[in-house]
Structure formats: C-alpha cells, structure tokens
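Biologist: Before we talk about any details, could you put the model on the screen so that we can go through it together?

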Amino acid sequence: MSEKGEVDLTGAKQNTGVWLVKVPKYLSQQWAKATGRGDVGKLRICKKGNQAKAEVSFTLNEELTVIEGIEDKTVSAPRDHPFTMQTVGGQMLAVFTETSSGQSEERSDGSSSVSGAGAGPVALEGVVVQRAECRPAVSESYMKLKRLQIEELAKPVRLSQQLDRVVTTNYKPVANHPYNLEYERKKKEEGKRARLDKQQVLDMLFSAFEKHQYYNIKDLVDITKQPVIYLKEILRDIGIYNVKGTHKNTWELKPEYRHYQADEKTDE
C-alpha cells in the first residue's frame, strides 16, 4: 500500500460488478503455468428457456490439463467445471488490487496505470455482486487425479530403509556409547565391592561426619566403597535421613553420636 494510503476508487464510481469464485487448488496451479497473459480457458454462460438462473461453466485449455509431479506420474486435469451459483447474502464484499513497483496494471475499462518506486497504489476494482463455486465435472480423469492425490497425502513422512553399506559421511554406528560403558563399569565395580566389617564401616562414617555434618548417599558410597543397600542399613542405626528443609535428601548423625557437639559445649 502507498505511503499516503491513497485508494483509487474508479471501480466504485463506475459501479463495476465482479464475481467472487472459489476454484480447486489444482486449477489455480494450472492457471499459474499459463505463459504471458494467455488464455487459461473459456467461460460459458447460457440460459435455456424460462430458467430463472443461467448455467455457467468453465472449460480449461487443453495445454494446461497436464499435471506433473504426483507420485512421479503425469495425469490429466478435468477440463469441464460447472459453476454452483450462490448469493452474496447481504455482505458488502469488494476486490482490491495493488501493483508492484515499476509494473503497469491494465484494468477492465482499458485504462492502465504505472506505479513508481516502492509499493504501488491500491485500487478498488469493483464490488462483488455474485458468488460461485467452480467444481470439476465427475469424470474418469478427475477420479484418477483425486486417487493419486489421496495416495500422495497418505504417504508417511519418514520411511525406514535398509542400508547395503556402511554410512561414512555423517555418523558411524557404534556398538555401545561411552555413557553406557561408563555406567556398566561403575555397576561392575559396585558389584565387586566386598562388605567390610560393620565396625570398620562405622569408623569411616564417624571420621567423615567429623569433617562435615551432612552427606548425601552418593558421597558416602564413594568414601566407604560399600554397596548402597549395606551402607543404608548401617546409616539407619546411627543417622537421620532429612526428607525436607535446607538439607533435604542428606544424612546426618543422630544426636547421641554427634561428638563435635560435645566438643563445642566443652569449649564453652
């Protein structure tokens, strides 16, 4: 839209009426393939006898009926498209156009306009006086087209493929990842740990708690080199497991085993 927001209302002054037609997606794609400003087809409007409404149909040019790229096949689009006429329904609809920079626009009245730098001016081409839906006539070519479109949409996005050689360009397959190897190594070491005498484990625990008041179970396992289950059995006898508070999920000694508290009272 232009910087000043100007709109050419020539179409409104001339009381130009336009049709708003809904067309199939494949038909609009075929129209885009037309070279230059060539014809895309013929519109036929006829009224038989005392019919209240006229019969409208569109016939696609034969050179635009070839559709490529659907499952690597070439199919023919249907040529005949009858219109289903609809009323505007009390709505106020209009058609606007905006030309690109440096391009000329030819209007229905034969006049033309040339836009300058930047976005071109906006023009009101006309007011919608008739709505319609362009539908393809049911034919063998149309049914084949729809079948191929459905099969194309039903294809999975990802497919599994068997490789006949080792992939060396991106990622090489490994028998086991380093993380899994490290986990298995630690698991074997823990399984090989022999249970020491309970008194020996208690001595190591008391020695550790003289340095710090709180420990998590992982640190105590590293200090004592004992299996987790066996270590927890001993800790339940001498320690308290904190389930909340600042030192959540840590162990500390029971009051009767806290030698460092007695030392503090003695100093006082």
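**Side chains, pairs and packing**

Modeller: This is a predicted model, and a good place to begin is Glu-252, which sits in strand S13 (residues 250–253).

Biologist: Is Glu-252 buried or exposed?

Modeller: The relative accessible area of Glu-252 is 8%, and the cut-off for a buried residue is under 20%. On that basis Glu-252 is counted as buried.

Biologist: Which side chains join Glu-252 in a polar contact, at 3.2 Å and at 3.1 Å?

Modeller: Leaving aside neighbours within four places in sequence, Glu-252 is in contact with a set of residues that includes Phe-209, Tyr-214, Ile-238 and Asn-242. As for polar contacts between side chains, the one of 3.2 Å joins Glu-252 to Gln-213. The one of 3.1 Å joins Glu-252 to Arg-258.

Biologist: How many disulfides does the structure hold?

Modeller: Cys-46 is buried at a relative accessible area of 15%, and Cys-134 is buried as well, with a value of 3%. A disulfide would need a pair of cysteine sulfur atoms within 2.5 Å. The number of disulfides in the structure is 0.

Biologist: Which residue forms a salt bridge with Arg-185, and how far apart are the closest N and O atoms?

Modeller: Side chains of opposite charge can pair when their charged atoms come close. The structure holds 6 salt bridges, and in helix H4 (residues 178–192) Arg-185 has a partner 3 residues away, about one turn of the helix. Arg-185 is partly exposed at 38% relative accessible area, and its partner is likewise partly exposed at 33%. That partner is Glu-182, with the closest N and O atoms 2.4 Å apart.

Biologist: Which residues form salt bridges with Arg-135 and Arg-165?

Modeller: Arg-135 is partly exposed, at 42% relative accessibility, and the closest N and O atoms of its salt bridge with Glu-133 are 3.2 Å apart. In the salt bridge of Arg-165, both residues are exposed, and the corresponding distance is 3.4 Å. The partners are therefore Glu-133 for Arg-135 and, for Arg-165, Asp-164.

Biologist: What kind of aromatic pair do Trp-31 and Phe-58 form?

Modeller: A search of the whole structure finds 4 aromatic pairs, and in the one formed by Trp-31 and Phe-58 the centres are 5.5 Å apart, with 80° between the planes. Because an angle over 60 degrees is the criterion for this class, the pair of Trp-31 and Phe-58 is edge-to-face.

Biologist: How many residues apart in sequence are the parts that this pair ties together?

Modeller: Trp-31 is partly exposed at 29% relative accessibility, whereas Phe-58 is buried at 7%. Trp-31 belongs to helix H2 (residues 25–32) and Phe-58 to strand S4 (residues 55–60), so the separation in sequence that the pair spans is 27 residues.

Biologist: Which elements do the buried residues of H6 pack against?

Modeller: In helix H6 (residues 217–224) the buried residues are Leu-220, Val-221 and Thr-224. They cover an arc of only 105° around the axis, and therefore lie on the same side of H6. The elements they pack against are helix H5 (198–209), helix H7 (228–238) and S13.

Biologist: Which residue takes a positive phi just after H6?

Modeller: The phi in question is about 60°, and its place is just after the end of H6. The residue that takes this positive phi is Lys-225.

Conventions:
Residues numbered from 1 in each chain as written. Predicted model: local features only at pLDDT ≥ 70, side-chain atom pairs only at ≥ 80, totals over all residues. Heavy atoms only, no water. Helix = DSSP H or I, 4+ residues; strand = E, 2+ residues; numbered from the N terminus. Buried < 20%, exposed > 50% of the residue type's maximum accessible area, 1.4 Å probe, protein only. Polar contact = N/O pair within 3.5 Å; in protein donor to acceptor, adjacent residues only side chain to side chain. Contact = heavy atoms within 4.5 Å. Salt bridge = Lys/Arg side-chain N within 4 Å of Asp/Glu carboxyl O. Phe/Tyr/Trp six-rings, centres within 6.5 Å; stacked < 30°, edge-to-face > 60°. Arc of directions from axis to C-beta.
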